[in-house]
Amino acid sequence: MSVMSMHGAPEPIPPARPVIGEAEIEAAVRVLRTGRVVQGPEVAAFEEEFSALVEGRSCVAVNSGTSALQLTLLALGVGGGDEVIVPSFSFAATANAVRLVGAEPVFADIDPRTYCADPDTVAALVGPRTAAIMPVHLYGHPAATDRLTPIAERHGLALVEDACQAHGAALHARPTGAHGVAGCFSFYPTKNMHALEGGMITTADPELARTLRLLRNQGMEQPYVNEIVGANMRMTDVNAAVGRVQLGRLTEWTERRRANAKRLDALITSDAVTTPYVADGARHVYHQYTLRVPERDRFKAELAARGVGSAAYYPTPIHRLAPFSTGDRLPETDRAAAEVLSLPVHPGVTDREIEHIAEAVDSVAGSLR
C-alpha cells in the first residue's frame with residue numbers, strides 16, 4: 001500500500017510514478033563512461049528500435065515532445081500566415097508548437113467520450129489558410145484518424161499526430177505514429193515510457209526524415225556543412241540509453257496499465273461517475289485513467305483523504321489560457337475540463353491498491369449524493 005509520510009500518515013497513491021530503476025541507472029553510467037554522450041550510437045540504436053513500434057517508419061530522436069511537434073511543422077514548411085487545427089483539450093505544448101513556428105492554432109472541440117478532436121468540428125474549421133491538422137491521442141486513446149485522414153487528403157493538408165501520450169496505442173490495428181505524415185512522441189518522466197526527457201518523430205517520408213535530422217542539428221548532416229538554418233534539439237546518448245531500457249519493458253508496462261484499467265472498470269460501480277470509454281477498434285494504453293466526476297475539486301480532496309492521489313488533466317483548456325485566449329465556444333471541451341479526474345493506473349499500482357482506489361471512488365461518489 002502507500003508509503004508513510006513524515007507525519008506518520010500514509011501518502012496517497014500517486015497518480016503518476018516515473019520508473020527509474022537499476023537498469024536505467026546502469027545504462028546512463030555506461031554511456032557516461034564512454035565519453036560519447038550526444039547524438040551518438042545510443043541515439044541511433046534507440047531510433048532503430050523505436051521504429052518497430054511504428055511499422056518500420058523512420059525515427060528521428062530529439063530533446064522533447066514539444067521539439068518533435070515544432071520541428072515537424074517547420075520541416076513541413078508551416079509558418080507565418082498558416083493555421084493548424086488542434087484540439088483545445090490538451091497540454092499547452094500542442095498549441096505552443098504551432099505558435100513557435102509562426103502559425104496560428106485553430107481550436108477544435110472534442111468527442112465527449114474519447115476526449116480527442118471531433119472530426120465533424122475539424123472539418124468545419126478547414127479554411128484557406130489551413131496547412132495542417134494535428135490531432136492529439138489524449139490520455140492514451142487514439143484519435144479518430146480514420147475519419148481525420150480523409151479530411152486532410154480532401155483538402156491537401158498534412159496530418160501530424162500528437163502521440164505524446166500514446167506509445168503503443170492503435171486504431172484498427174495500426175499503431176499511433178503510423179497514421180499521418182508524421183507522429184510525435186514524448187519521453188517525459190511520467191509518460192508510459194520515458195528517457196528522462198526527450199522526443200521522437202516518426203515518418204514514412206525519407207525526405208522529411210532527412211530535413212528533420214538537419215533541423216535538429218544546426219542544419220548539418222556533416223560537420224560544418226550547414227545546408228539549412230537549424231536548431232540544437234538533439235537527444236543525448238544518456239537519454240537514449242535510458243529510453244532503450246524503457247522501450248524494452250513498454251509492452252509489459254502497457255499490459256499492466258490495461259489490466260489495472262480493466263479492474264477499475266469492473267470494480268467502480270457508482271453511476272455518479274463515468275469510467276473511460278474505448279472506441280470500436282481502439283487500443284487504449286491508459287496514459288491516464290480518466291473519470292468524469294461531480295464536484296471535481298471536492299471529489300479530488302475526498303479521494304486524497306482516503307489515501308488516493310488524483311489529478312485533473314487539463315483544468316483550463318488551451319483556448320482559455322492567456323497566450324491563446326480566443327473566446328471560442330467549445331462546449332464539450334469546457335465541460336470535460338470541469339469534470340475530468342485521473343486516477344492511478346501506472347504499472348507501480350498493486351492489485352490491492354486498485355481495489356482500494358475503486359472502493360474510495362465509490363465511497364466519495366456516495367458521500368456527494
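Welcome to this predicted model. A good place to start is the second largest pocket, which holds about 250 Å³ of space. Its lining has 18 residues, and Asp111, Thr114, Ala144, Arg147 and Ala279 are the closest to its centre. From there, the tour goes on to the largest pocket and then to a patch on the surface.

**The second largest pocket**
- By residue type, the lining of the second largest pocket splits into nine nonpolar, six charged and three polar residues.

**The largest pocket**
- The space in the largest pocket comes to about 410 Å³.
- Around the largest pocket stand 22 lining residues, and nearest its centre are Phe91, Gln165, Ser186, Lys191 and Tyr314.
- Two or more residues of this lining come from each of helix H3 (65-75) and helix H4 (93-100).
- With three residues, H3 gives the most to the lining of the largest pocket.
- Ten residues in the lining of the largest pocket are polar, nine are nonpolar and three are charged.

**A nonpolar patch on the surface**
- Ile20, Ile25, Val29 and Leu196 together make a nonpolar surface patch of about 290 Å².
- One of these patch residues, Ile25, sits in helix H1, which covers residues 22-34.
- Is Ile25 buried, partly exposed or exposed? Ile25 counts as partly exposed because its relative accessibility is 38%, and that class lies between under 20% for buried and over 50% for exposed.

Methods:
Residues are numbered from 1 along each chain as its sequence is written. This is a predicted model: local features need pLDDT of at least 70, side-chain atom pairs count only at pLDDT 80 or more; totals for chains, interfaces and linings use all residues. Side-chain values use heavy atoms; hydrogens and water are left out. On a 1 Å grid over the protein atoms alone, a cavity is a set of points where a 1.4 Å probe fits but cannot get out, and a pocket is an open set with protein on both sides within 12 Å along at least five of seven lines; lining residues have an atom within 4 Å of a point. Grid points are joined across faces, edges and corners, and a volume is the space filled by probe spheres set on the points. Helices (H or I, at least four residues) and strands (E, at least two) are DSSP runs, numbered from the N terminus. Ala, Val, Leu, Ile, Met, Phe, Trp, Tyr, Cys and Pro count as nonpolar, Asp, Glu, Lys and Arg as charged, and the others, Gly among them, as polar. Patches are made of residues with over 30% relative accessible area and no salt bridge: like charges are joined within 9 Å, nonpolar side chains (Val, Leu, Ile, Met, Phe, Trp, Tyr) within 5 Å. Accessible areas come from the Shrake-Rupley method with a 1.4 Å probe; for residues, only the protein chains shown count as cover. A salt bridge is a side-chain nitrogen of Lys or Arg within 4 Å of a carboxyl oxygen of Asp or Glu. Buried means under 20% relative accessible area, exposed over 50%, partly exposed in between (1.4 Å probe, protein chains only).
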